[in-house]
2 protein chains.
Amino acid sequence: MQLSVQAIQVIAILISALALGVAAWLYTWVKSQPSSNARIAEIGEYIRQGANTFLRREYLVLARFTAVAAALILIFLPRPIWTGSFSENIWMAVSYIVGTAFSALAGKIGIQIATIANMKSAEAAQKGIKPAFMVGFRGGAVMGMAVVGTSLLGVTLVLMLTGDASAVLGFSFGASSLALFAKAGGGIFTKTADISADLVGKVEMGIDEDDPRNPAVIADNVGDNVGDVAGMGADLFDSNVASMAAALVMATSLGGVYGNNVKMVFAYAAIGLLSSIIGVATARIGKSGDPSKALNSSTYVTTAIFAVLTALSTYVFGFEWRIWGATAVGLIVGTIIGITSDYFTNDAKPPVHQVASASKNGPAFTILSGFSYALLSALPSLIGIALSALLAFNICAPLGAESGLAAEYGMFGVSMAALGMLSIVGMIISNDAYGPIVDNSRGLAEMGGLGEEVIAISDELDSAGNTVKAVTKGFSISAAGLTVISLLGAFMSEVNEAARTLGLASEGARFIDNFDIMNPTVFFGLIVGVAIPAVFSAMLMLGVDKNAQRMVAEIHRQFDTIPGLKEGKEGVKPDYDKCIDIATTGSIRELLPAGAFAILSTIVVGFIGGAEAIGGFLTGNIASGLLLALLMSNAGGLWDNAKKFVEAGNHGGKGSATHKAAVVGDTVGDPFKDTAGPSINTQITVVSLVSSILATIFLQFSIF
Amino acid sequence: MQLSVQAIQVIAILISALALGVAAWLYTWVKSQPSSNARIAEIGEYIRQGANTFLRREYLVLARFTAVAAALILIFLPRPIWTGSFSENIWMAVSYIVGTAFSALAGKIGIQIATIANMKSAEAAQKGIKPAFMVGFRGGAVMGMAVVGTSLLGVTLVLMLTGDASAVLGFSFGASSLALFAKAGGGIFTKTADISADLVGKVEMGIDEDDPRNPAVIADNVGDNVGDVAGMGADLFDSNVASMAAALVMATSLGGVYGNNVKMVFAYAAIGLLSSIIGVATARIGKSGDPSKALNSSTYVTTAIFAVLTALSTYVFGFEWRIWGATAVGLIVGTIIGITSDYFTNDAKPPVHQVASASKNGPAFTILSGFSYALLSALPSLIGIALSALLAFNICAPLGAESGLAAEYGMFGVSMAALGMLSIVGMIISNDAYGPIVDNSRGLAEMGGLGEEVIAISDELDSAGNTVKAVTKGFSISAAGLTVISLLGAFMSEVNEAARTLGLASEGARFIDNFDIMNPTVFFGLIVGVAIPAVFSAMLMLGVDKNAQRMVAEIHRQFDTIPGLKEGKEGVKPDYDKCIDIATTGSIRELLPAGAFAILSTIVVGFIGGAEAIGGFLTGNIASGLLLALLMSNAGGLWDNAKKFVEAGNHGGKGSATHKAAVVGDTVGDPFKDTAGPSINTQITVVSLVSSILATIFLQFSIF
């Protein structure tokens, strides 16, 4: 059977609309759940306001940044406007702005639902674990459906309207640059509040995590929303769009914008979304009452449906089986990486036990052993990424054997493997957003005085969120790895396209058909590129460090100067707003420099060494970025669970010296896993997209 | 003026002999210094015995390993013996064995002098800082002269006898593989003892660092010798040989083994050694009595003499000025990197102050801020390495413009820049060995009861050693970076040589003229390569972690079961030997796996992806290896000095909560900077050499 590209695109739009419809329905469902507790409503309102205030201020800063960036794009990209590329530049600038707007919208929707679902889930927990789970899960699913629906919708519309895959890169760059700053800002906010609240509350005073006397407790809950919901949403919106953009650039270069390959990209992306919708719709907590089983099984259901439906579509529409094979490789390797990541962070496995046991000798050993295991944990994931790229490439390369396009088809295969890994992104986001929602409802249950039993239920839901994260994180890090590899391919396509347009191909000298490591310009870029993710994550962590010191001082001030606060006297309340304000102001100030550094260093390297240096630069970014992202994410998860393992009564349990050491590990791990680690993916993506978009400029102006 | 290669080689041999003569003279001088304190002699003897016992056991294990490796080399390398390369294989195996023997000898000489100089320096300190400094410095210089003398001698003899640069690679591989295990074994020993002694002594019991009641105190001093002297000596022997080997492989491929380029390599290497001899001979502590000034100024004197003499030789012998230029670039960039590394670890600069200040909020902030600054510190060094490679390449490439060998000459330039950085390696080793010697004499002064004033002098000498280390470390890490880059070039040379020998060049398909990042096999190797230094350092640190836990238990046992030990009752002595034994046995057990892992993974990747995958693999190793080496070395130095800054009375001084937090940072930093960090250089070098030697095999047998 044959369908035109347009027909498939219309189907993609319909499925996007269906996803948005499902999101709307779930939203109404969550909102209609009963609530009655006035105290919870009051605190929930605080959280909602804090989150919205932060988001408003953040978006205001980013709107200005976007305006400046859009103006620069209009003048210079893809080519200087005076070289006669007027309409291309307008499309690029518009796509960019739309990309940022869609990404911001995804964050906003997430905050909207999360700050309702947290209250509803807390109250539902009074009726048992099942209803509480359903509220939390469906709240998360609103986010999942909205993000994936809008991203597929956006990419499809941009390509239909412009007929130019480069414009999709512009859209993707818009999404990424917003995600970069949103993730950094949210990440700094959430960890500033989390660390400070824990340090003074749990460590110094020995009070409970969500004790309402703690002035930073609301800021901590706000942080869950702005960092883990809004930031994460923007981040995965970006990954998803970037993987489609890379695949589309490659597909277009192989047979144009109406070719079979473009059809496959849209068909598979639409099927991925459809599978996620089915996965979400069928998620039920079983008779066992085990929430992690429910989350994991809906992930696997989605995976299976995706594999079957894509095979079916390949059969029906006569697509290439080899490309389906590459996609399947992505899916399988993603699962394997998820399982091995789980090994290093699961509290039933040796690494967590070893780190907990090492903590008996003090915090230095917690850090040393955890850091070492996290270094080890990078090995299986890196092998997995390397192998899936190698296999996907070699599966698809024969498609171009006759036409001399083997390398191009191979790279297209890699990008489809990334698409395969991200096919279930709807489920990933649902599960990821579920975490902070139930984390919040645990806080609300405690502050609302719902009693020990309800808190216990919330705890169970919370811990399920952590377990599932390991598997989904395996998917998302390796997908990001493959996506940036294929963005490297997209960059090469753009460079060659630019060389053709500029008529440089005939000169020979500047036409590039490889990035040779032995070429000193490439090598120069590579070594400098290695430093960028390191500096980027250092800047974010120093931001957290600086802000947390400020907030700790404020918490101390409140406990010292507000009479009766420490003793929990009736009617005495801390000044929550002051803490929220410190976190907000601090993270707004810190969010621009790190991202700007990454973007500017790309431009500097490009002007020094041209396209060749950038090829190396991207590779260096990928090399150190993947290593640091895996290291930091897994170290954080490992330390978190080692602490929980001790708290469960091992090696002396809560309050022991071992526990104090484990808490140090957890505190170090917090910005590792929630600020720096997950931002690195976005940083690399942004750098890759900036490079592709600036390819023409770099080809024309460079020193070496 | 024209000299034959042989004449220059004879001169090199004479200068080597001069260096060995100077070493012998200095050795006699140190030995003839007066000593009278019986207690110091007794403890010094303990240390000497412990170090020798460890060395004997370590070398026994390594001798077995060497025998097996030599047998394999004999059969398989450079080509399987049944393909008729009988004599080549014998030379390769012999060169390999000689390389390990020379490297082992360097370590042995170091231990020999260091365990005498420590006692002599302690007693000399009774007469003031100047004589104590001279003993410490000249003790270090014995090591410096011996290591550089033997390495130049070895390389020259191997090339003269075999007339084959590949045999030099075999010699270098012998030196590197021994260094890999010696550095790992010594590094695990020294940090096991250091951490355990500090943890129980300083942290738990609040007694002084070198209190003789502490059962681990002798083991700690032994560790300084086997790790920081013997291990470091083997390591720098290896770097020095590797840089010469890489330069010689490249030089030989450009004009044969008797060409002008080979002359330059020997001339410059000999001049480097001569400059170091002069630098050592002129080192005097000035009127200011500042030992760090004395150390730094002798380093700069050496640098200046080297620059002038090489320029002179270039003029006299009519060498290429461009190659001199590349060497000078190496020298200048090395100095700049040294200065910037100093910024991040010097206790008069902001980073150390910030980390000390962050420690007020607890150990988690010590770790977070120190780790972040260390990530930042990688940027200037990486830029420096990248720029010097780019400049050296572009300075020398024009030499090959007419002959179509621009790339080869460029790579030769890079290897000469590395040689330029390492020209002053004699001084670097002298300064580096000075550190553990005066560290030991501080311990002896305390245990020998020489009084506060003498300890204060030893402290000052010790701290000068730390300050100077930052500058020399800048040289050695960046030199290692450039060396492995040129080893990548040597690998490519070997691959092409092998392709020619095998007659593959005519087939086309397997002849390799680049390592294209866009080639999926190269990329596969690259991503896997990124993981290797991470896993390697994790294995070493887990080794320390495991052994230290065992030793801490033993120290506790002794304090608990030996009556009167805790109280320091007259005549009650701890069982020092038991602790030395634990450190010895543990490090012997842990030293093989990490190194074997690095070597085996190279072989596996080579058999999977052939020479192309190995090209990527080496690049991945360099990328993550440089990042981790810089990160770990600088983090360790930073935490060490932040602790000292607090101990100097800032933020509450010794015994405060801030101090405790700073001590946690220092403990984490110890294996970072003394076990894992400095071993990574050697690991990358070994991997590069294994690849070059196995090039022919990989070309013939691989899956992809």
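Leaving aside its neighbours within four places in sequence, which residues is A246(B) in contact with? The first point below takes this up, after a word on the source. This is a predicted model, in which local features need pLDDT of at least 70, side-chain atom pairs count only at pLDDT 80 or more, and totals for chains, interfaces and linings use all residues. Residues are numbered from 1 along each chain as its sequence is written, while chains are lettered from A and ligands numbered from 1 in the order in which they are written.

1. Once neighbours within four places in sequence are left aside, A246(B) is in contact with S415(B), T483(B), S486(B), L487(B) and A490(B), where contact means that the C-beta atoms of two residues, placed from the backbone, lie within 7 Å. A246(B) has its place in helix α6 of chain B, and it counts as buried because it has 37 C-beta neighbours inside 10 Å. The classes are defined by such counts: a residue is buried if 20 or more other C-beta atoms, placed from the backbone, lie within 10 Å of its own, exposed if 12 or fewer do, and partly exposed in between. N260(B) is 14 residues from A246(B) in sequence, and their C-alpha atoms are 16 Å apart in space.

2. Helix α6 of chain B (residues 217-253) also packs against helix α4 of chain B (residues 129-162), at an angle of about 35° and with the axes 10 Å apart. Helices (H or I, at least four residues) and strands (E, at least two) are DSSP runs, numbered from the N terminus; axes are lines fitted to C-alpha atoms, for helices over the stretch in contact, and angles run from 0 to 180 degrees between N-to-C directions. Among the residues that make this contact are V147(B), S151(B) and G154(B) of α4(B), and G233(B), F237(B) and N240(B) of α6(B). By class, the contact of α4(B) with α6(B) has 11 nonpolar, 4 polar and no charged residues, where Ala, Val, Leu, Ile, Met, Phe, Trp, Tyr, Cys and Pro count as nonpolar, Asp, Glu, Lys and Arg as charged, and the others, Gly among them, as polar.

3. Turning to chain A as a whole, one finds 17 helices and 0 strands. Its radius of gyration is 24 Å, close to the 27 Å that the globule rule gives for 704 residues, so chain A is as compact as a globular protein of that length; the radius is taken over C-alpha atoms, and the rule is 2.2 Å times the number of residues to the power 0.38. The C-alpha trace of chain A spans about 80 × 55 × 45 Å along its principal axes, and buried residues make up 68% of the 704 residues. Of the contacts in chain A between residues at least 6 apart in sequence, 85% join residues at least 24 apart.

4. P215(A) illustrates a link across the sequence: its C-alpha atom is separated by 5.1 Å from that of Y576(A), although the two are 361 residues apart along the chain. P215(A) lies in the loop between α5 (165-205) and α6 (217-253) of chain A, and with 28 C-beta neighbours inside 10 Å it counts as buried.

5. V352(A), in helix α10 (residues 350-358) of chain A, is likewise buried, with 26 C-beta neighbours inside 10 Å. Not counting neighbours within four places in sequence, its contacts include N346(A), L638(A) and F645(A).

6. H651(A) deserves a check of its backbone, since its phi is near 50°, a positive value in a residue other than glycine. Most residues other than glycine have a negative phi. H651(A) is found in the loop between α16 (576-647) and α17 (657-700) of chain A, and it is partly exposed, with 19 C-beta neighbours inside 10 Å.7. Chain B can be laid on chain A with an RMSD of 0.0 Å by a turn of 180° and a shift of 0.0 Å along the axis, the copies being superposed by least squares on the C-alpha atoms of residues with pLDDT of at least 70 in both. The two copies are thus related as by a two-fold rotation axis. The contact takes 62 residues from chain B and 62 residues from chain A, and on the side of chain B that touches chain A the largest share, 19 residues, comes from α11(B). That side of chain B has 44 nonpolar, 16 polar and 2 charged residues.
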